[in-house]
Amino acid sequence: MSASPRPDVATAVDAIAPTGTTRRQFVGYVLAGTTLAVTADLTLTPSTARAAGATPIPSNPTLSDAYDFLDAYRDACLPTNHHLKIEITPQGKAVFALPRQEAGQGITTSFAQVIADELDMRIEDVKVTLADARPELIFNQLTGGSTAHFSLWMPIKMMAATARTALAAAAAEKWGVPVSAVTTRDGAVFGPDGQRATYGSLSQLAASTITKPLDVKLKSKPGKYVGQDVGRVDALDMVTGAKKFAGDLPVPNALPTMICRPPTLNGTVQSIENLEQVKAMPGVTDVGAISRGVAVRARTFGQCIDAIRALKVTWGGGTVDNENNDTLTEKVAAVLLPLAPTLPTDEVIQEDYVCHYRSGSPMEPNTAVADVRPDRAEVWGAANMPIVTLQRIAMMLNLPEDNVTLHCPPAGGSFGRKLFSDAIYEAVEASALFGKPVKLMWHRADDARHGRMHPMMVNRVRATKQGGSITSFAMSSASSACDWTHGLGEIISGSAAAQDPRLGFTGNKELGNLSVAVAFYQLVTTVPYNFGPTALYLNEVFSYDTLPTSAVRNVYSPDVAVSRELFVDKLADNFGMDGYEFRRAFLKNDRMRAVLDKVAEMGNWGRSMPEGTAQAIAFHEEYQAYVATLMEIDCRPAMVNRKIREAYTGPRITKTFMAIDVGNPINPRNIKAQLMGGAMDGIAQALTAACHIKDGTVQEASWDNYRYTRQWNVPYVFDCHVMPANREIGGGVGEAGVAAAQGAAACAYAKATGKNITEIPVNFREPLGFVVKPTVPPIPQSPVNGRRFAR
């Protein structure tokens with residue numbers, strides 16, 4: 001009598017694809033090879049369409065309510081998921097080259113959890129590396145929009161289940177027993193009579209000389225790792241310094257290289273007055289002009305800095321030389337699309353909000369290594385979009401794509417900055433110019449003054465009211481153009497956005513970029529409240545290359561959310577309700593209310609607060625996750641007027657409570673860490689952080705005067721709750737915490753001070769509080785007086 005089929009052991013079939021698939025039944029492939037390698041054929045995943053709840057005046061669904069950017073990106077990846085593979089080595093390890101960028105968000109750990117569970121292995125035996133650029137993946141190598149888990153979770157589960165199935169079938173064949181009689185556990189297959197074979201011992205037996213399909217079933221029960229707090233697999237390497245970033249790579253003869261940059265944004269090199277003199281300086285090996293400045297290669301980075309400070313360059317004008325924040329704001333506000341007329345009987349409540357440019361500088365300075373030869377190029381650099389980067393390198397060098405190799409080491413932070421490979425392109429230019437390998441690094445001042453910025457935005461928000469109901473809601477957003485020329489990660493969509501004539505596009509580049517911007521805005525922008533008929537609009541001004549812009553841990557959503565949540569507090573005041581009760585009454589469904597209720601409980605909402613302090617609450621929905629944040633702020637003089645050398649102290653967020661419903665959390669500990677980072681970003685963007693632009697130059701230069709959240713602004717109390725799993729696939733969390741935190745911080749400041757906040761960050765008009773560093777030379781002298789300030 002044969003054993004009964006077990007849910008976690010699938011049946012192998014030879015060269016015959018199943019005629020249909022059940023909810024957890026798919027087709028996987030064993031790839032031809034000497035050891036076991038498997039891939040996925042995932043063309044159908046569970047629907048994630050979500051319906052709005054019902055309220056007395058329900059809102060019409062926006063596009064993102066039915067089909068958002070996660071859905072769109074997951075579907076774009078489907079045609080190439082079969083190019084991904086997991087290999088089982090003879091040593092019993094599962095190896096997967098992740099086609100995404102690890103920038104500190106912890107995805108190498110979370111995908112190791114998924115693989116270990118589905119393969120019945122110890123997580124210590126799963127190795128998740130970062131893939132080189134793989135053009136055959138087309139759209140499937142993009143890191144952004146919090147899409148990694150949503151787009152790869154099912155393909156990776158599928159591959160792991162395929163490997164488990166093939167290993168089980170190989171063991172059954174070896175022992176001459178039905179495959180249904182074997183089980184898998186802890187990296188081994190077990191037979192009915194006590195047999196045991198490790199995955200490593202079966203890897204060659206399970207391999208096939210031809211690629212063949214398997215009928216595969218996913219595990220039906222939770223494993224040991226998914227849904228559990230798991231420490232990061234790279235934590236030890238990080239704290240011991242063993243983790244290698246681009247600047248740590250020992251590429252032979254790749255000498256330090258830096259750039260002397262113009263005094264204004266997008267300025268150009270006209271001439272170098274003392275080229276030969278600088279070439280003769282100690283340690284300097286090469287000096288020459290490239291597209292964005294003058295490159296200097298030397299034995300040490302210190303010698304690069306000395307040479308840059310000695311250079312005498314005649315600079316051409318930039319793209320915004322006569323502009324400052326106010327003139328730029330005026331031009332952005334001028335392209336706001338008009339809102340539809342209201343009824344004469346409506347009570348109209350309306351406000352405009354201005355959100356200024358913010359720096360996208362990550363902790364790791366932009367760094368890349370390039371070795372360009374006449375017939376090939378090998379490049380190392382963190383990239384969120386490695387495919388388009390490789391393809392543009394090939395165009396720059398007039399080489400076939402196959403002759404370019406782009407390795408993708410981990411990034412020391414990104415959250416959007418690595419969508420653009422500026423340092424990589426500069427390294428390639430410099431290496432090609434000098435005919436030598438280079439290790440190019442941006443100075444901190446370069447990052448602050450010439451790096452990518454979050455574009456500024458003006459939001460006009462309007463609601464109409466009749467009796468006790470909001471009868472309509474509209475938001476018209478106008479933005480300084482966000483650069484979308486990376487497209488969906490490959491060169492065709494990127495060049496279409498740029499209308500690049502080199503690939504045959506001849507249209508208007510403003511319209512090309514705007515079309516992508518509008519599509520993305522509609523795919524990510526939601527209004528979580530039932531405010532009756534709802535409309536959302538976006539327009540942009542400037543060409544994408546007028547100012548260096550990009551996503552900075554989210555694109556439009558933080559500015560949209562902080563404007564909306566400030567406005568919701570205004571509506572609550574109009575209704576005579578507090579912010580929590582008003583939001584609770586108008587949120588669209590019970591899952592949202594549960595998240596809001598949780599932070600209200602955690603933060604003891606409504607408790608008595610001293611004058612000058614306040615509680616505020618905010619809610620945000622994005623990337624198929626719900627996030628609520630409750631913050632308390634202290635704006636009393638004793639806190640605001642603290643004296644710290646060359647620092648802006650300002651108010652302090654004293655407590656932060658966050659809750660998230662992400663659908664299915666893989667690693668709650670990592671999600672809490674992500675939200676803590678989002679809270680720090682949100683506090684900075686609401687209260688202090690902005691780029692002050694004067695005559696085409698960003699006044700901030702480096703982290704010492706860019707007002708990111710400092711230790712003296714960090715909450716004394718931070719707590720975060722991850723809601724239990726309630727569906728099969730989880731949404732995105734990489735960016736989820738920023739918008740709700742920014743909204744809560746701004747609302748708390750408004751309540752504590754009694755001010756009507758319409759400009760973000762709230763301290764934007766206050767004195768800079770630092771001496772602006774010169775722009776010529778572009779790099780300040782390294783400080784030598786640190787001991788004077790040591791305590």
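These exercises work through a predicted model, from sheet to cores, rings and cysteines.

Numbering starts at 1 along each chain as its sequence is written, and side-chain values use heavy atoms, with hydrogens and water left out. In this predicted model, local features need pLDDT of at least 70 and side-chain atom pairs count only at pLDDT 80 or more, while totals for chains, interfaces and linings use all residues.

**Exercise 1. Sheet order**

Task: State the order of the five strands in the open sheet, and explain which strands stand at the edges.

Solution:
- Start with the terms. Strands (E, at least two residues) and helices (H or I, at least four residues) are DSSP runs, numbered from the N terminus. Two strands pair if DSSP finds at least two bridges between them.
- Read the order: β24-β23-β22-β15-β31, with mixed pairing.
- Find the edges. β24 (534-541) and β31 (759-760) each have a single partner strand, so one side of each is left without a neighbour in the sheet.
- Look at one pair. β15 (residues 347-355) and β22 (residues 457-466) run antiparallel and are joined by nine bridges. E347 stands opposite K465 in β22.

**Exercise 2. Nonpolar cores**

Task: Describe the largest nonpolar core and the contacts of Y556.

Solution:
- Define the core. It is a set of buried Ala, Val, Leu, Ile, Met, Phe, Trp, Tyr and Cys residues joined through side-chain atoms within 4.5 Å. Buried means under 20% relative accessible area, exposed over 50%, and partly exposed in between (1.4 Å probe, protein chains only).
- Give its content. The largest core has 156 residues, and L119, F531, Y556 and I660 have the most contacts inside it. Helix α4 (residues 148-175) supplies the largest share, 19 residues.
- Compare with the second core. This separate set of 27 residues includes L390, I393, A423 and V428.
- Return to Y556. Leaving out residues up to four places away in sequence, Y556 touches M457, S479, C482, W484, A517, F520, Y521, L538 and E540. Contact here means heavy atoms within 4.5 Å.

**Exercise 3. Aromatic pairs**

Task: Classify the F69 and F520 pair, and explain what parts of the chain it ties together.

Solution:
- Apply the rule. Rings of Phe, Tyr and Trp (its six-membered ring) pair if their centres lie within 6.5 Å; planes under 30 degrees apart are stacked, over 60 edge-to-face, and the rest tilted. The structure holds 18 such pairs.
- Classify. F69 and F520 are edge-to-face, at 4.9 Å centre to centre and 70° between the planes.
- Place the rings. F69 lies in helix α2 (residues 69-77) and F520 in helix α14 (residues 509-524), so the pair ties together parts 451 residues apart in sequence. Both F69 and F520 are buried.
- Take another pair. W703 and Y708 are also edge-to-face, at 6.0 Å and 85°. W703 is partly exposed at 25% relative accessible area, and Y708 is partly exposed at 23%.

**Exercise 4. Cysteines**

Task: Count the disulfides, then check C304 and C720.

Solution:
- Set the cut-off. A disulfide is a pair of cysteine sulfur atoms within 2.5 Å.
- Count. The result is zero disulfides.
- Check C304. The nearest cysteine sulfur, that of C260, is 12 Å away. C304 is buried, at 0% relative accessibility.
- Check C720. The nearest cysteine sulfur, that of C747, is 19 Å away. C720 is buried, with a relative accessible area of 7%.
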